[in-house]
Amino acid sequence: MNTETINSFAAGHRGAVLAGGDPEYEEARGLYNGMIDKHPLMIARCSDVGDVIDAVNFGRENKLAIAIRGGGHNGPGFGSVDDGLVIDMSTMTGVRVNPANNTVRVGPGCTTGDVDHATHAFGRAVPFGIISTTGVAGLTLSGGHGYLSRQYGLAIDSLIEADVVLADGSFVTASETENADLLWALRGGGGNFGVVTSFLFRTHPAKDVYGGPIVFDVSGAETVMRWYRQFQATAPNDFCIWLGLQTVPSGEPFPREHWGKRMCILLVAHNGEGAKAAVDAIRKDLPTPLFDWAGPMPYPSLQSMFDALYPKGLQWYWKGDFVKSLPDAAIKAHLEHAAKLPSEISAMHLYPIDGAVHDKAKSDTAWNCRDATWSMVIVGVDTDPAKAPRLKQWARDYWAAVHPHNLDGAYPNFMMDDEGEGRLRATYGDNYTKLAALKEKFDPHNLFRVNQNVRPAH
């Protein structure tokens, strides 16, 4: 492309268009995962849908690889692309709650914290994740699970409607009555089908919850994990507990005498009647904790509890799996590899995806795994780029040891860019063929391929 072509595009674009050498370019190209270093040809910051349409058309007409950036929290770095065009919607952060019908309309650049803040005033929430800096768009398009999923389903199960710019630059709305097949694909199929410029969600009752971490020394982890698998089988839907194997961070507000200790954490979240009594009941069944911070708190406080531990720019390597059961052999493998954590902020988490998630059939949405009990993630994380190879090796070795006990697929947001098509097919199961056909319909030339890519059926 020549300078005249670029200047013409920039002149008609309301948001800033950045390229190498511009003062803001270096900061703008930075990603959540500091392990990934990409240099796009251009970053087109979009102020509205008109900017998005122009950017899609410009990228297609000039044969540029296109990356879509919403909240910018993507693990494998799909929010950028070397020598291509980044369509950056991070400033499109409008949130409008409609208390008359209990919905919220959300801009594509919003974080889950943006939405939590707006809906909390009305005593409502959308079932998003566990870190409030996570982008709504990326989380939702791959399914979206979190504290409220056992009670209200995945984020996609509350997605009513989406406005989408397609690969040909046209603008459509996807709902149950209009472009219903596109809505089906957006409910878990990732960013393969277009650029979503607005989400409409159903909200649910969630004001104050009884939640927080109950932390045990790792010496009691086997006991806790065996208790956890039994509890999960009969847990009421308004009671979510995720389990982690990690390290007590060496810093405030954590008790100094426990800094650096290996731990097993139960993060409890009860959003129902008798919450304290329910948590007290499990306390009686468990070993004595190192510390117990579970108590009543506003839902947004629970959602943002771990934000400070994971700022933008750390070194990340993620491996995930869907998990149906937790046999003794799997627990043994978990404990063996969790004992080798490569850094203080590396971890393994098991997030419940049963309860209301199981109320829908596999074919109801692109998200296929409606019979798993947990979504597992293994994360190698550190501040030091020199540790990147060690983080990767630890995560890969850990995953290889526990994967034989798990299902074949994984939550797409817990997959890096080296998983391969076979892994994606396993993740979507019988829905993959339909997704490929819809990809052929809405993006036949695979313009939107910087993602966990479903290739067109042709």
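This is a friendly dialogue on how to read some features of a predicted model.

Me: What should I know before I start?

Reply: The model is predicted, so local features need pLDDT of at least 70 and side-chain atom pairs count only at pLDDT 80 or more, while totals for chains, interfaces and linings use all residues. Residues are numbered from 1 along each chain as its sequence is written, and side-chain values use heavy atoms, with hydrogens and water left out.

Me: How many helices and strands does the protein chain have?

Reply: Helices (H or I, at least four residues) and strands (E, at least two) are DSSP runs, numbered from the N terminus. Here the protein chain has 14 helices and 19 strands.

Me: What does the radius of gyration tell me about the protein chain?

Reply: The radius is taken over C-alpha atoms, and the globule rule is 2.2 Å times the number of residues to the power 0.38. For 458 residues a compact globule would have a value near 23 Å, and the protein chain agrees, with 22 Å. Along the principal axes, its C-alpha atoms fill a box of roughly 70 × 50 × 40 Å.

Me: What share of the residues counts as buried?

Reply: Buried means under 20% relative accessible area, exposed means over 50%, and partly exposed is in between (1.4 Å probe, protein chains only). In the protein chain, 60% of the 458 residues count as buried.

Me: Which contacts link residues 24 or more positions apart, and what share do they make up?

Reply: Contact means heavy atoms within 4.5 Å. Among contacts in the protein chain with a separation of 6 or more, 72% are between residues 24 or more positions apart. Ala388 offers a local example. This residue of helix 12 counts as buried, at 11% relative accessibility. Leaving aside neighbours within four places in sequence, Ala388 is in contact with Met35 and Gln315. Ala388 and Gln315 are 73 residues apart along the chain, yet their C-alpha atoms are separated by 6.5 Å.

Me: How do I read a single helix, such as helix 8?

Reply: Start with its length: the expected span is 1.5 Å times one less than the number of residues. Helix 8 (residues 221–234) has 14 residues and reaches 21 Å from its first C-alpha to its last, close to the 20 Å expected. Next, look at burial: Ala221, Val224, Met225, Trp227, Tyr228, Phe231 and Gln232 are its buried residues. Seen down the axis of helix 8, these fall within an arc of 165°, so they line one face of the helix. That arc is of the directions from the helix axis to the C-beta atoms. Gln230, Ala233 and Thr234 are exposed on the other side of helix 8.

Me: How many aromatic pairs are there?

Reply: Rings of Phe, Tyr and Trp (its six-membered ring) pair if their centres lie within 6.5 Å; planes under 30 degrees apart count as stacked, over 60 as edge-to-face and the rest as tilted. By this rule there are 20 aromatic pairs. One of them is the edge-to-face pair of Phe128 and Phe201, 5.4 Å centre to centre with 85° between the planes. It links distant parts of the chain, 73 residues apart: Phe128 is in the loop between strand 7 (124–125) and helix 5 (136–141), and Phe201 is in strand 10 (residues 195–202). Phe128 is buried, at 0% relative accessible area, and Phe201 is buried at 0% relative accessibility.

Trp394 and Tyr398 also form an edge-to-face pair, with 5.4 Å centre to centre and 85° between the planes. Both lie in helix 12 (residues 388–402), four residues apart, about one turn of the helix.

Me: Which lysines lie over a ring?

Reply: A charge sits over a ring if NZ of Lys or CZ of Arg is within 6 Å of the ring centre and within 35 degrees of the ring normal. Lys319 lies over the face of Trp399, at 4.2 Å from the ring centre. The charged end of Lys434 sits over the ring of Trp184, 4.0 Å from its centre.

Me: What should I look for in the backbone?

Reply: Look at peptide bonds and phi angles. A cis peptide bond, with omega about 5°, joins Glu252 and Pro253. Asp83 is not a glycine, but has a positive phi of about 60°; Asp83 is in the loop between strand 3 (66–69) and strand 4 (85–88).
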